[in-house]
Protein chains: 2
Amino acid sequence: MGGILKGMRVVEGSAFVAVPLAGMTLAQMGAEVIRFDRMGGGLDAGRWPLAPSGQSLFWAGLNKGKKSIAVDMTRPEGQDLVTRIITAPGEDAGLFLTNLRVRGWMDYETLSQYRADLVMVTLMGDRHGRPAVDYTVNPALGIPEMTGPVGWPEPVAHALPAWDIAAGHLVVSSLLAAERERLRRGRGQEVELSLKDVAAATIGHLGLIGDAALNDKERGKSGNALYGAYGQDFVCACGRRVIVIGLTHRQWRGLVKATGTEAAMAALAARSGRDLNDEGNRWHLRREITAILRPWFATRELSSFAEAFDAAGLTWSVFRTVREALAEDPDLSEDNPMFKLLMQPGLGRFPVPGHPAAFSAHERAAPQPAPQLGAHTEEVLGDVAGLSDTEIAQLFDTGVVQSPRFGARPAA
Amino acid sequence: MGGILKGMRVVEGSAFVAVPLAGMTLAQMGAEVIRFDRMGGGLDAGRWPLAPSGQSLFWAGLNKGKKSIAVDMTRPEGQDLVTRIITAPGEDAGLFLTNLRVRGWMDYETLSQYRADLVMVTLMGDRHGRPAVDYTVNPALGIPEMTGPVGWPEPVAHALPAWDIAAGHLVVSSLLAAERERLRRGRGQEVELSLKDVAAATIGHLGLIGDAALNDKERGKSGNALYGAYGQDFVCACGRRVIVIGLTHRQWRGLVKATGTEAAMAALAARSGRDLNDEGNRWHLRREITAILRPWFATRELSSFAEAFDAAGLTWSVFRTVREALAEDPDLSEDNPMFKLLMQPGLGRFPVPGHPAAFSAHERAAPQPAPQLGAHTEEVLGDVAGLSDTEIAQLFDTGVVQSPRFGARPAA
């Protein structure tokens, strides 16, 4: 087997979404990723959603395929140990990801004294080092004011921690870019970014800052409509809801043809004096277009047109809850080679995803479950930190480290 | 100057968010990124939001710092040219990103005949090659059912193309991983992923699939509340809205202390028999906690507590529109080294973001504007495709390529 990053060793000191996702993405590409936590588990050890057992599905989801060590970092021996693991020798080691921002023993200045070519990526809340989470960054930058039903008087937060996800992936690519440079020039470096800057940059990239700076109007909410062209949701006769997209010219023509609304759309274009082949005109006339399409969907069951829509190559989807998706969408099952049905102790049996990319020079790696807290403590102390059995035993005896065998509760 | 990827050359054939964002992220780390488009511009040339001139702020935002060539790919000469550019020699070249999925002349099998170590990353709609966009993937997998005001009877789409953003960054890290392998083992490869698989994997990583599989209840909507612990929005006496977070123990204690609600929270804990130091209990009691905190905010102006909240290290934010953020948040101005105030022809003057990460071995690179469509056609034909001046002139004469000098409309 062996993923595309096989041989790379990354150490991760983290909690919550972004940096755990980064480490896991690297692990799912074949890197050896060692996550260290404090004794008893990190800040995210019990993060929701939970399994019926009370164990964290969130933690299990974001730490798949990693090695776990549990260390008492309030003690100098624990700090020494973590330092030793982060800065252990190895051409493809000396890579450290963190969002913990511990000054002193765990900062770049100190750690790089033990390994000059260390690559360390630190994710902060904001660029000033102040705390921030997806739930605060998002309202600060205006997305909730654009989200939600037309006319709804309040901002609507997104349910998906989208900025955490973006930041996690930027941690991955920043690490790979810095490791690439180290490979060529031999030098390590510190990489710093913040969740808020990731969000601020992204809204700039999408044109939202230019829009706010140059245009007089706030964008406001547009419900489930596709912004700037045509896309809308409809309820069918069977009660199921679908969204149909007319973003590109081809999508738009396909939608009009599939619904047999050519004449009505032509009449709308003539009446309004606007060419519906222009995406902006479709946006301006979205309410009128929707009024034409609504009866079509309202009088048809989903099953009566789904196959024809697919055959016509339309861009569309049914709405589902996650439970409905799990029940009816083969893309969330083992029919999809990205998924594997895993039985995980303390959690249960359900489809678990691997890395989304298929690399043609590698077999697709099956997703591995998350470790129990401290499950790899002995192994990492020996193989990575280079300690003797006697030294390892002493660390357990004095309670500097923890493993499930030597009295620790499982984290996941 | 020179970013961390200086010397790398990437060719991009793309439209919309994900792959353009991927190419731009690489460009902002110093790679030479050549985007090719069809004559007159790609599918996203006019994507909203628009500047007052009618030019696309979206296109300008997602193609910053790239080189642009415009080629008639309906003609064999145009296809040959693009093939030559994608597969041009150079140790750090032969890297190709696309979401266009053109079979035949532009697929991996054909292109790799011209350069055996080609690395090509293709983003599809879904794993079956069917079309999908953020607006269809998101409802298919259940996020809109979790989004929006409590009790609102309809799914609410997110306004941010979060899956496109995640997919774009996964394209970046997949490319860097494949290029890393090429550097070590000399072999190229094809990398394929789909937008829907990115979303499906991510909801799995976040524990949502396990939750749906193992627990009886749908998660449902929770408005602007932080799921699974405590976080809520409040309207202040001045009318401004804030969100405050009590996710970690420390955040929770800080919030209670700053609002002087220790006694009321203790009484709630006693009354309910639930320890509020447990994050799940804070979630179960969120309505009661909110009832305690609401009068505190309702009777205070934002300006009366903002500094104290910051001084206490609370995790919180005010809500803003993008325009408000631009007016009042220094993080969206040149006070933030990530931003540069750029005057862009046809658009206007506004703060433009660079890459969110600061690499300690490199100066922070200032963001560069997007090119006009075809602005680098001559340069790329000469320097990359290796054509003579005569050959280049002939391609312009016969209309196989386009540049602003030789009669093309600007794309941005």
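**Where chain B meets chain A**

Colleague: How many residue pairs are in polar contact across the interface of chain B and chain A?
Modeller: This is a predicted model, where local features need pLDDT of at least 70, side-chain atom pairs count only at pLDDT 80 or more, and totals for chains, interfaces and linings use all residues. Residues are numbered from 1 along each chain as written, chains are lettered from A and ligands numbered from 1 in written order, and side-chain values use heavy atoms, without hydrogens or water. With a polar contact being N or O atoms within 3.5 Å, a possible donor facing an acceptor (sequence neighbours count only through side-chain atoms on both sides), and both residues at pLDDT 80 or more, the rule finds 54 pairs.

Colleague: Which helix gives the most to the side of chain B that touches chain A?
Modeller: Helices here are DSSP runs (H or I) of at least four residues, numbered from the N terminus. With 17 residues, the top contributor on chain B's side is helix 7 (residues 162-185).

Colleague: How many of the residues on that side of chain B are nonpolar, polar and charged?
Modeller: Contact means heavy atoms within 4.5 Å, and chain B and chain A each bring 152 residues to it. On chain B's side, these divide into 86 nonpolar, 36 polar and 30 charged.

Colleague: How many salt bridges cross the interface?
Modeller: The rule asks for a Lys or Arg side-chain nitrogen within 4 Å of an Asp or Glu carboxyl oxygen. One of them joins B:R180 to A:E179 at 2.8 Å, N to O. Between chain B and chain A, the number found is 20.

Conventions
Helix = DSSP H or I, 4+ residues; strand = E, 2+ residues; numbered from the N terminus. Nonpolar A, V, L, I, M, F, W, Y, C, P; charged D, E, K, R; others polar.
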